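User: Please take a close look at one loop of this chain, and at the surroundings into which it leads. A connected account would be preferred to a list.

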Amino acid sequence: MEDQIVGCIHNGFFDNYLRRFKDVFVFVPSDSRFGTNVTLNKTLSTPEERTRVVGNVIKCLAEEEKELIPGIRNELYPVAPSFGSPPYFSVERAAATYFGIKAYGVHMNGFVKRDGEKFLWIGKRSPMKQTFPGMLDHLVAGGLPHGMSCVANLIKECEEEAGIPLSLSNQAMSVGAVSYVDVDGYRYERGVLFCYDLELPGGFIPKNQDGEVESFKLIPVENVANVIRRTQFFKPNCSLVIMDFLFRHGYIGPECLGYLDLLQSLRSGDTS
């Protein structure tokens, strides 16, 4: 878009599903290593028009093949060259990975100190969730919708997912970000997760409000680390944020084999 790369589309996905929408998507010869670029038809001149037309394509594909783009939730992600830049248009969240759109989210480590030991509140996702049902998750996490700030989104997710009141959630500390890429079939996931820590009172018990969490459990940090190391019970991107927590709180030190490689891998994706 306007000489900026904002996403990547699998050749097979384009050929099998998008090529027929010639009034929307256009092949453009390029000197890049990919040989060809995909752009939107120049007649689509405004963000609103692009959002509407691309949204119609996604809706059409989802109706034709219900398993192709699962989890349609009518939530828009901005399509922009970098975080905070004006978006060229917005795309359905569930379809973002099919267009290789960089997506942002907020993840919060909710921890408790007790007798000199740290514990993490861990959630178990509802078995009814369309994505990663029944897997372990953060106390609070959520994608960043178009037009909402990280802090506002975190406060909203705190209330919805764990019943954390504003008097506590506004004490959450921003502690950085992790990034990653993942390729799975036609999907190319590029994620940047803004990380937060919140120390909670010992007597606080989280209560889910939106039906997306089955249960919560307070677990010693060392035990959480062992679950990540030895199993695949956690939603994958949550493991990255928890590993970042382990580095920052001294559970992983330079004496650990592979320390620098693991530290670098937590920001393997584009963080622009």
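Analyst: In this predicted model, N74 is located in the loop that joins α2 to β3. The phi angle of N74 is near 55 degrees, a positive value in a residue that is not glycine. The relative accessibility of N74 is 71%, and the residue therefore counts as exposed, since the threshold for that class is over 50%.

The two elements that flank this loop lead into the interior. The largest nonpolar core holds 30 residues, and the members that touch the most others are V24, F25, L61, V91 and F99. Two or more residues of this core come from each of α1 (11-18), α2 (47-64), β3 (76-79) and β4 (89-92). Helix α2 makes the greatest contribution, with 5 residues. Such an arrangement may be read against a general tendency: nonpolar side chains in soluble globular proteins tend to be buried together.

V91 shows how this region is connected. Apart from its neighbours within four places in sequence, V91 is in contact with V54 and I58, with E75, L76, Y77 and V79, and with A96, F99 and I101. A second core, separate from the one just described, comprises 26 residues, among them V106, V140, V192 and F216.

One member of that second core, V192, is also a contact of K102. K102 belongs to strand β5 (residues 102-114). With a relative accessible area of 7%, K102 is buried, because the limit for that class is under 20%. Beyond four places in sequence, the contacts of K102 are V6, P78, P81, R190, V192, D270 and S272.

The loop between β6 (117-125) and β7 (136-138) offers a counterpart to N74. F132 is found there, and phi of F132, near 50 degrees, is likewise a positive value in a residue other than glycine. Here, however, the relative accessible area is 35%, so F132 is partly exposed.

A helix pair may be added to this picture. Helix α5 (residues 221-230) packs against helix α6 (residues 236-248) at an angle of about 135 degrees, and their axes are 11 Å apart. The two helices are therefore oblique to each other, and their crossing is left-handed. From α5, the contact involves V221, V224, A225 and I228; from α6, it involves S239, I242, F245 and L246. By class, these residues comprise 7 nonpolar, 1 polar and no charged.

Notes:
Residues are numbered from 1 along each chain as its sequence is written. This is a predicted model: local features need pLDDT of at least 70, side-chain atom pairs count only at pLDDT 80 or more; totals for chains, interfaces and linings use all residues. Side-chain values use heavy atoms; hydrogens and water are left out. A nonpolar core is a set of buried Ala, Val, Leu, Ile, Met, Phe, Trp, Tyr and Cys residues joined through side-chain atoms within 4.5 Å. Buried means under 20% relative accessible area, exposed over 50%, partly exposed in between (1.4 Å probe, protein chains only). Helices (H or I, at least four residues) and strands (E, at least two) are DSSP runs, numbered from the N terminus. Contact means heavy atoms within 4.5 Å. Axes are lines fitted to C-alpha atoms, for helices over the stretch in contact, and angles run from 0 to 180 degrees between N-to-C directions. Angles under 35 degrees count as roughly parallel, over 145 as roughly antiparallel, 65 to 115 as roughly perpendicular and the rest as oblique. A crossing is left-handed if the near helix is turned anticlockwise from the far one by less than a right angle, and right-handed if clockwise. Ala, Val, Leu, Ile, Met, Phe, Trp, Tyr, Cys and Pro count as nonpolar, Asp, Glu, Lys and Arg as charged, and the others, Gly among them, as polar.
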